[in-house]
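This report goes through one structure by topic, from aromatic rings to cysteines. The sequence and the model are shown below.

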Amino acid sequence: MHLPHSVFSQHQVDLLTWLLHINGVSDVPSVRTLKILEDGLQKICGIETLPFTGAFGHKYHMNSFSDIIAQEMANPHVHSKLHFYPEDSGKQLNEAYQAQRWLKEMDTTQLTPMIQLYNQDFFIFEPTLLSGGQVCMPIRWFQHKGMFFAKAWSLRAVVNDTRCGWIVEGHREIEISEAELLVSFKNWGVSQSTFALPPAQNIMGGLQLEPWTLTKPHEGNQWHALANGARVYSFPIWLYCDDTSGNLSKCWNKHNSFLFTPAGLPHAAVHQEYNVHFLCTSNNAPPLEMLDGFVNQLGEAQETGIWAWDCIHKERVLVIPSVLALLGDNPMQSELACHVGSMGKYFCCICNVKGHDSQEMTTTTADEQTQEHSGGERSDGQNSVRSGEEGFTPGTRKLRGKAKETMADMVAHIKWFVNVGEPHQKEQSIDELKSMFTMASSIGNQTKIKNIKTSTGLKDRYLDYFLDGMASSYKKKHGNSSKQQALEEFPCVAYQRYVKFSSCTKKKIKLKLTGLNPHSDTPVEVLHTVLLGFVKYFWRDAVNIRIGKNKIKKELLETHLSSFDTTGLEIPPLSGHTLVQYAGSLVGHDFWAIAQAAPFVLHGLVPDECYSTWVALSKLIPLIWQSEIDDIDVHLVKHIHWFGPAALFATEAFESFNAVIRAKSIHSN
């Protein structure tokens, strides 16, 4: 009865046991026995559920992140597919561990810090003797063509009357292979090869003799000491957050949920439901409040590691978890990145690209209208899309309400929309959020805070809870002195709220210190952006407007779709009537099929410019979902360089898991 991701109600279990009885099956356990067995199995090898009380006062529960990781390492179906080291694959790019973030940009404290070779453990930030007599310090391990390599710093020996030790030449980065490794840090004192060299524990610092802080020189790498001879692995994950309804009916019952999958799995396995793991859900606590609970667990695990059983090597190992990227639909990624959202003036959570100001549209002056009537042209600056902090172009004025957008405005708006702005900087965002809280500690700054949000595109829904509470504390007071006093007395007001906010901010900063940047590490989500974005709207346009009420064309389109040969796409035959009749209620896999079939089924049914757009779109879609890229130099999308093929961080598997969450929600009532 205990099937993965399946739910049986009490009534269904009773029915199944009754069916077994009437069919003559003997020794059928009772429902009570099944529950006792399940409770026993849960205690022995289950996942612990941890209670949390969020900073907003909401209570929620979260599965133990450490328990899930430990089970993954002990599961031969999963462990055999996991990769723990980044790989340099040249121009080829198929997996997340071959992409730039894992290979070059992740904090070294999050990577697998050691390799085991010749019965020795070679850790990063520890002196290592090479076979050629050179001494270096590995800083990042990676694989290339089946062999281990490392980026390393050269070490220079200093031996004189007053000093005997090593200078770390951090400006000189070299590359070494496993074939060159000779003596590790722990074996330094017992090897004949190091007899004439300074002790490995005597690290004097850098070239300017600045203190060495990356390790305790006499102990070596902290993970070397904690592991005590065991292997140490990194375990990056794709962390996903989304909202879904907890009801089967159309009545929306919003549940915010966190899920994850191991990022070390190959693309063939990463989206299997078997590898999607549930952390928490709540219809009360918002995402950023629940994120605190996860950051709590992640921080503890990154400090001490997670002990697990390695089912491949048959030994205990120490695991260091980390977050490779934050996944979700566009609104959720904006919320996780403390961004105002796609409807804001700064509508991108990754860069500072700017749209037109709210309720501000430009219009031509009388002189310009006269010029247009006489055949003159408008200048490019006279439109509603402006760059940076430029003011209105001379000859324009504000209009209240919504003005009619001209073709020139539309073209300029689209060009600016697809332009890439300066990236958001996480340090600057943190400083801006802190300044908002500081300003809220004094009365009369609400307008200034609002202006900061507008001018930066930042909106931290977590911080807003405290800002709104502080503002409401003196709302009914009169006079500045009484308002300030009310603010200062706000249930030990600002102080208690500040303490809560500060502690949670530290957790966010801890997450920041582990190398996660919410601005750059929220890759474009291709399911909602592409299939449920412009493909959906193009299809609605083709069916409802281009073909519209033309009954003959609509029936012909249905026939084309139903007759379309899907053998090459490896999908079931298309239902033409459903795809046309219910064009406004389709899902992602419907639009994926439509994008491939459109050039064949729309030919002759839509205008030439519309058809040409569909042809271009159908060429683009396979490139976006390409799971194996042979030459990355011709596939220059930043997030694909950064995280791997877009199919790796697509969210179809997580969206499918919503059905499991919904079923659990229904049967929990």
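## Aromatic pairs

Trp102 is buried, with a relative accessibility of 0%. The model is a predicted one. Tyr97 is also buried, at 6% relative accessibility. How many aromatic pairs does the structure hold? The count is 21 aromatic pairs. One of them joins Tyr97 and Trp102: the ring centres are 6.3 Å apart and the planes stand at 85 degrees, so the pair counts as edge-to-face.

Another pair is made by Phe56 and Phe466, with ring centres 6.1 Å apart and planes at 70 degrees, so this pair is edge-to-face. Phe56 sits in the loop between β1 and β2, while Phe466 belongs to helix α14 (residues 461-472), so the pair ties together parts that are 410 residues apart in sequence. Phe56 is buried at 15% relative accessibility, and Phe466 is buried at 0%. Phe56 and Phe466 also belong to one aromatic cluster together with Tyr462 and Tyr465.

## The hairpin of β1 and β2

The loop that holds Phe56 is part of a hairpin with 5 residues between its strands. Strand β1 covers residues 49-53 and strand β2 covers residues 59-63; they pair in the antiparallel sense over 5 bridges. Within this pairing, Leu50 stands opposite Met62 in β2. Gly57, in the same hairpin, takes a positive phi near 95 degrees.

In a regular strand, side chains alternate between the two faces of the sheet.

## Nonpolar cores

In soluble globular proteins, nonpolar side chains tend to be buried together. In this model the largest nonpolar core has 150 residues. Which residues have the most contacts inside this core? They are Trp238, Leu239, Phe294, Trp539, Leu557 and Trp614. Helix α17 (residues 526-547) supplies the largest share of the core, with 9 residues.

Trp539 can be followed through its contacts. Leaving aside residues up to four places away in sequence, Trp539 touches Leu557, Leu561, Leu579, Ala583, Leu586, Phe591, Ile594, Leu602 and Trp614. Two of these partners, Leu557 and Trp614, are also on the list of residues with the most contacts inside the core. Apart from the largest core lies another, of 8 residues, among them Met114, Phe123, Ala230 and Val232.

## Salt bridges

Side chains of opposite charge can pair when their charged atoms come close. The structure has 9 salt bridges. In one of them, Glu315 and Arg231 meet with N and O 2.6 Å apart. Glu315 lies in strand β15 (residues 315-327) and Arg231 in strand β11 (residues 231-245), so the salt bridge ties together parts that are 84 residues apart in sequence. Is Arg231 buried or exposed? Arg231 counts as buried, at 18% relative accessibility, whereas Glu315 counts as partly exposed, at 27%.

Glu169 forms a salt bridge with Arg172, and their closest N and O atoms are 3.2 Å apart. Glu169 is buried, with a relative accessible area of 9%, while Arg172 is partly exposed at 40%. Glu169 and Arg172 are linked with Arg156 in a network of salt bridges. Asp541 and Arg546 form another salt bridge, with 2.9 Å between the closest N and O atoms. Asp541 is buried at 18% relative accessible area, and Arg546 is partly exposed at 38%.

## Cysteines

A disulfide is a covalent bond between the sulfur atoms of two cysteines. How many disulfides does the structure hold? The number is 0.

Why do Cys348 and Cys351 form no such bond? The sulfur of Cys351 is the closest cysteine sulfur to that of Cys348, but the distance is 3.8 Å, which is too far for a bond. The cut-off for a disulfide is 2.5 Å between the sulfur atoms. Seen from the other side, Cys351 is in no disulfide, and its nearest cysteine sulfur is that of Cys348. Cys348 is buried, with a relative accessible area of 19%. Cys351 is buried as well, at 8% relative accessibility.

Definitions and conventions:
Residues numbered from 1 in each chain as written. Predicted model: local features only at pLDDT ≥ 70, side-chain atom pairs only at ≥ 80, totals over all residues. Heavy atoms only, no water. Salt bridge = Lys/Arg side-chain N within 4 Å of Asp/Glu carboxyl O. Buried < 20%, exposed > 50% of the residue type's maximum accessible area, 1.4 Å probe, protein only. Helix = DSSP H or I, 4+ residues; strand = E, 2+ residues; numbered from the N terminus. Core = buried A, V, L, I, M, F, W, Y, C linked by side-chain atoms within 4.5 Å. Contact = heavy atoms within 4.5 Å. Pairing = 2+ DSSP bridges. Phe/Tyr/Trp six-rings, centres within 6.5 Å; stacked < 30°, edge-to-face > 60°.
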